[in-house]
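Hi,

Here is the structure I promised to send over. Have a look at it first, and my notes on what turned up follow below.

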Amino acid sequence: MNKLEPYVIKHEDFHALKKMTSIGARVQWIREKANEMNPVLFTRYRVAEKSNLSQSTIKRIEENEVTNPQQKKLESIAAYLRVPVEAFFDDFYVGETKSFIICEPEDESIKEIDLEGVSYVVELTALTKSILANTNEVTFEDKVELTALDYEEFIDDLTTLVEKVKKRRQTWELKRNAYNRLKGVEKEND
């Protein structure tokens with residue numbers, strides 16, 4: 001096979017695949033992404049031919065006419081798409097975000113993908129808005145360059161930070177409500 005154009009699954013791709021409810025939907029999404037990156041090499045016909053399956057079998061799997069495809073068939077499809085067969089199953093999407101490569105290069109050419117070079121540029125802006133003064137102030141602006149290896153960890157850290165701020169807000173509201181209840185009890189006792 002000629003040199004293939006690989007595609008590294010991004011955070012949003014992982015979550016889109018995670019939301020899919022069938023093996024067939026994932027097979028189709030991955031196959032179509034491979035074909036987008038490598039036109040005509042990953043049509044249903046070509047995948048069937050190279051996986052030693054019939055075109056109707058690929059179609060039936062992708063369209064969920066076969067809800068529990070044989071492992072051997074899925075392994076053949078995964079091998080041609082050069083993805084881990086686990087990427088077709090729900091269990092793969094449990095827990096933290098995982099990355100994989102569609103059309104992953106064979107061992108001798110893996111050096112061509114620069115996992116340590118800059119692959120992403122993230123522009124961050126934190127905008128604060130005062131409800132009392134009705135004004136906007138930019139309090140933080142920065143640009144961060146990330147490698148493919150940094151990206152997923154960065155997204156996880158950012159998500160954790162946002163959740164931490166939300167949780168802090170909930171905690172303060174609980175404390176304020178408890179304080180107000182205590183104040184009300186003290187006034188009643190006076």
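**Rings, cores and one helix**

Lys98 lies over the face of Phe92, at 5.4 Å from the ring centre. Keep in mind that this is a predicted model.

Phe92 is worth staying with for a moment. Its relative accessible area is 14%, and because buried means under 20%, Phe92 counts as buried. The ring of Phe92 also pairs with Phe14: this aromatic pair is tilted, with 6.4 Å from centre to centre and 55 degrees between the planes. Phe14 sits in helix α1, while Phe92 is in the loop between α5 and β2 (101-102), so the pair ties together parts that are 78 residues apart in sequence. Phe14 is buried too, at 0% relative accessibility.

Then there is the neighbour in sequence, Tyr93. The ring centres of Phe92 and Tyr93 are 5.1 Å apart and the planes stand at 80 degrees, so this pair is edge-to-face. Both residues are buried. Put the ring pairs together and you get a cluster of Phe14, Phe92, Tyr93 and Phe100. The count of aromatic pairs comes to 5.

Another charge over a ring turns up at Trp172: the charged end of Lys175 sits 5.2 Å from the centre of that ring.

Now for the cores. The largest nonpolar core has 32 residues, and Ile30, Phe42, Ile77, Leu81, Phe88, Phe100 and Ile102 are those with the most contacts inside it. Helices α1 (11-19), α2 (23-37), α3 (44-50), α4 (55-62) and α5 (71-81) each supply at least two residues of this core. If you want one residue to click on, try Leu81: leaving aside residues up to four places away in sequence, Leu81 touches Ile30, Arg31, Ala34, Phe42, Val47, Phe88, Ile102 and Cys103. There is also a second, separate core of 6 residues, including Val122, Tyr151, Phe154 and Ile155.

Which residues of α4 are buried? They are Thr57, Ile58, Ile61 and Glu62. These cover an arc of only 130 degrees around the axis, which puts them on the same side of α4. What covers them includes α2, α3 and α5. Just after α4 comes Asn64, with a positive phi of about 60 degrees.

Happy to go through any of this with the model open on screen.

Cheers

How values were computed
Residues are numbered from 1 along each chain as its sequence is written. This is a predicted model: local features need pLDDT of at least 70, side-chain atom pairs count only at pLDDT 80 or more; totals for chains, interfaces and linings use all residues. Side-chain values use heavy atoms; hydrogens and water are left out. A nonpolar core is a set of buried Ala, Val, Leu, Ile, Met, Phe, Trp, Tyr and Cys residues joined through side-chain atoms within 4.5 Å. Buried means under 20% relative accessible area, exposed over 50%, partly exposed in between (1.4 Å probe, protein chains only). Helices (H or I, at least four residues) and strands (E, at least two) are DSSP runs, numbered from the N terminus. Contact means heavy atoms within 4.5 Å. The arc is that of the directions from the helix axis to the C-beta atoms. Rings of Phe, Tyr and Trp (its six-membered ring) pair if their centres lie within 6.5 Å; planes under 30 degrees apart count as stacked, over 60 as edge-to-face and the rest as tilted. A charge sits over a ring if NZ of Lys or CZ of Arg is within 6 Å of the ring centre and within 35 degrees of the ring normal.
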